[in-house]
Amino acid sequence: MKVYVYDTLRKEKVEFEPIEPGSVRMYVCGPTVYNYIHVGNARPMVVFDAFRRFLEYVGYKVTLVQNFTDIDDKIINEAREWGVDWKTVADTFIAEYFHDAHTLGVRAANFHPRTTDFVPEIVEAIERMIQKGFAYPTANGDVYFSVRKLENYGMLSGKRIEDLIAGARVEVSEHKKDPLDFVLWKSGKPQEPVWDSPWCKGRPGWHIECSVMSQKLLGEMFDLHGGGEDLIFPHHEDEIAQSIALTGKPPAKYWMHNGMIIVRGDKMSKSVGNIFLVREAVGRYGKDAVKLFLLSKHYRSPIEFSEEALEDNKRAVNRVYGALRRFNDKYPYPLVPKVDAEIRDYETRFLEALSDDFNTPQALAVLFEVVKELNRSMDEGSDERALKMYHLIKRVFGPILGLFDTGYETEQKASVESVDKLITSLIDLRSEFRKNKQYDIADKIRNALSEANIVLIDTPEGTKYEWR
Ligand SMILES: Nc1ncnc2c1ncn2[C@@H]1O[C@H](COP(=O)(O)OP(=O)(O)OP(=O)(O)O)[C@@H](O)[C@H]1O
Ligand SMILES: [Zn+2]
């Protein structure tokens, strides 16, 4: 199956052909660990986890690296506020990251390198850049990358050097030669954590860590570099600059960037302070609703965050859970169906959507069609077809997107039948109250059901109910 992705570097949809046939090496920029992760941070986690699962499904051996930026001004400031050292802050939020990733059902990467584990390698890379004339130390021991030494700086973001100069403020306090230059090594201030280097005691700048860790773990050129589109400039642009300086080529063959989670016009961000934590979202709406919220729009589009949107996705998830539970109530250990043309056809449509620049909304439309068919088959008593539909949802589509693997069994302990009985007896009670003209109590029952997303419809044949 041919896979196409939109490559941010080439600015077009291209066929995805890994450097080494059959295997994919990918690197995704991870969080700076000074707080719990928010729903914005969850987007690249969920999207690239699903893309990795999809690549594995179509036959690739995938190696995924996702870093932790464990040293940074924000971590140092946080540590100072709490009166602890930087490592306590970093370790705390790395542990909390894994907690959240686990509750979301995002698989761990093959490697989760931390910046501070690679300081000697970073120092060595900076030394090489200085030797090659791409970087220079300043009097106070900082080291900068010389942007103008590169012919194609701006190739990823499409920014031109002239425009950058016009937009750049000359930062007088810094010792760099050119306002465009970015820092590779920062001298430490008193009380800051520092590492030895030939220039001064200090710490790495942000961009160099990803260049070094990706190269050490995946090689000089790997297949796919991912992250949020907020990282295109300057982070990924500078990663490309550093790689060209070190190896003569960009680090990755393809670049994929997810769009932003937006809150009232701003990017959801710790620094803006408009965040909604992953654990809060998962606690209130469940992991599948959060993932569906992130996957039901194309990964490159922005998504406006709202709790109503999570609520809507929770309802969609409940439709799937209801169908799966209904099937499991009848067949607790479902068998493997015979693969036939119908199964193959649904699977092809699903995979074709994902092969076309990972079009998850289109793939999910196929999934929801199959959910409808599962219910229809059960209504019609067609057990064999129901098994096929169940199989597609639970064992093919779900695992490819990282959805519906667990949770629906315990989500609602009662079976569909027992819930139906409960609702029907409440409806009967309400009718009795109405007969006795006790309308206030009757309305209380209606409202209570409505709060549970159950709508009552009074008809000449009696009262019916519907899940909203
Ligand atoms: N609102 C968002 N929508 C989508 N992706 C995001 C959003 N915010 C961050 N990301 C992505 O999350 C990953 C980790 O981000 P990082 O820790 O650098 O923090 P950040 O959330 O951007 O920082 P801050 O919240 O302080 O602005 C990156 O791939 C980044 O692109
Ligand atoms: Zn990075």
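Which atom of ligand 1 is 3.0 Å from an N or O atom in the side chain of Ser271? Select both and look: the partner in ligand 1 is an oxygen atom. Keep in mind that this is a predicted model.

**Stop 1: the whole chain**

Zoom out before going further. The chain has 468 residues, and 52% of them count as buried. Its C-alpha trace spans about 90 × 50 × 40 Å along the principal axes. Switch to a cartoon view, where 16 helices and 15 strands make up the fold's elements.

Now colour by domain. Domain 1 takes residues 4-258, domain 2 takes 307-404, and domain 3 takes 411-467. Between the C-alpha centres of domain 2 and domain 3 the distance is 29 Å.

**Stop 2: ligand 1**

Select ligand 1 and show its surroundings. The shell holds 23 residues. Thr32, Tyr34, Asp230, Ser269 and Lys270 are the closest. Sort the shell by class and you get 11 polar, eight nonpolar and four charged residues.

Next, find where the shell comes from. Helix H1 and strand E9 (222-228) each give at least two residues. H1 has the largest share, with three residues.

Pick out two further contacts. The side chain of Asn41 places an N or O atom 3.0 Å from an oxygen atom of ligand 1. At Gly228 a backbone N or O atom is the one to select, 3.1 Å from an oxygen atom of ligand 1. How much of ligand 1 does the protein cover? On its own, ligand 1 has 600 Å² of accessible area, and the protein covers 95% of that.

**Stop 3: the zinc ion**

Select ligand 2, the zinc ion. Show Cys29, Cys210 and His235 as sticks. Their donor atoms are SG, SG and NE2, in that order, at 2.0 to 2.2 Å from the zinc ion. Along the chain, the donors follow the spacing C-x180-C-x24-H. Cys29 is in the loop between strand E3 (23-28) and helix H1 (39-57), while His235 is in helix H7 (residues 232-247), so this pair ties together parts that are 206 residues apart in sequence.

Is His235 buried or exposed? His235 is buried, because its relative accessible area is 0%, below the 20% cut-off. Cys29 is buried as well. Stay on His235 and add His207: their side chains share a polar contact of 2.9 Å.

**Stop 4: a cis bond in H7**

Move to Pro234, also a residue of helix H7. The peptide bond from Phe233 to Pro234 is cis, and its omega is near 0°. Most peptide bonds are trans.

**Stop 5: Arg53**

Go to helix H1 and select Arg53. Its relative accessibility is 13%, so Arg53 counts as buried. Follow the side chain outwards from the backbone of Arg53: it reaches the backbone oxygen of Pro399 at 3.2 Å.

**Stop 6: two positive phi angles**

Most residues other than glycine have a negative phi. Two loops here hold exceptions to look at.

Select Lys11 in the loop between strand E1 (4-7) and strand E2 (12-15). Lys11 is not a glycine, yet its phi is positive, about 60°. With a relative accessible area of 40%, Lys11 is partly exposed.

Then select Asn453, in the loop between helix H16 (439-451) and strand E14 (454-459). Phi of Asn453 is positive too, near 70°. Asn453 counts as buried because its relative accessibility is 19%, under the 20% limit.

Notes
Residues are numbered from 1 along each chain as its sequence is written. Chains are lettered from A and ligands numbered from 1 in the order in which they are written. This is a predicted model: local features need pLDDT of at least 70, side-chain atom pairs count only at pLDDT 80 or more; totals for chains, interfaces and linings use all residues. Side-chain values use heavy atoms; hydrogens and water are left out. Donors are N, O and S atoms within 2.8 Å of the metal (3.2 Å for Na, K and Ca); water is not among the atoms, so sites may look incomplete. Helices (H or I, at least four residues) and strands (E, at least two) are DSSP runs, numbered from the N terminus. Buried means under 20% relative accessible area, exposed over 50%, partly exposed in between (1.4 Å probe, protein chains only). A residue is near a molecule or strand if one of its heavy atoms lies within 4 Å of it. A polar contact is a pair of N or O atoms within 3.5 Å; within protein, one must be able to donate a hydrogen and the other to accept it, and residues adjacent in sequence count only if both atoms are side-chain atoms. Accessible areas come from the Shrake-Rupley method with a 1.4 Å probe; for residues, only the protein chains shown count as cover. Ala, Val, Leu, Ile, Met, Phe, Trp, Tyr, Cys and Pro count as nonpolar, Asp, Glu, Lys and Arg as charged, and the others, Gly among them, as polar. Domain bounds come from an automatic or database domain assignment.
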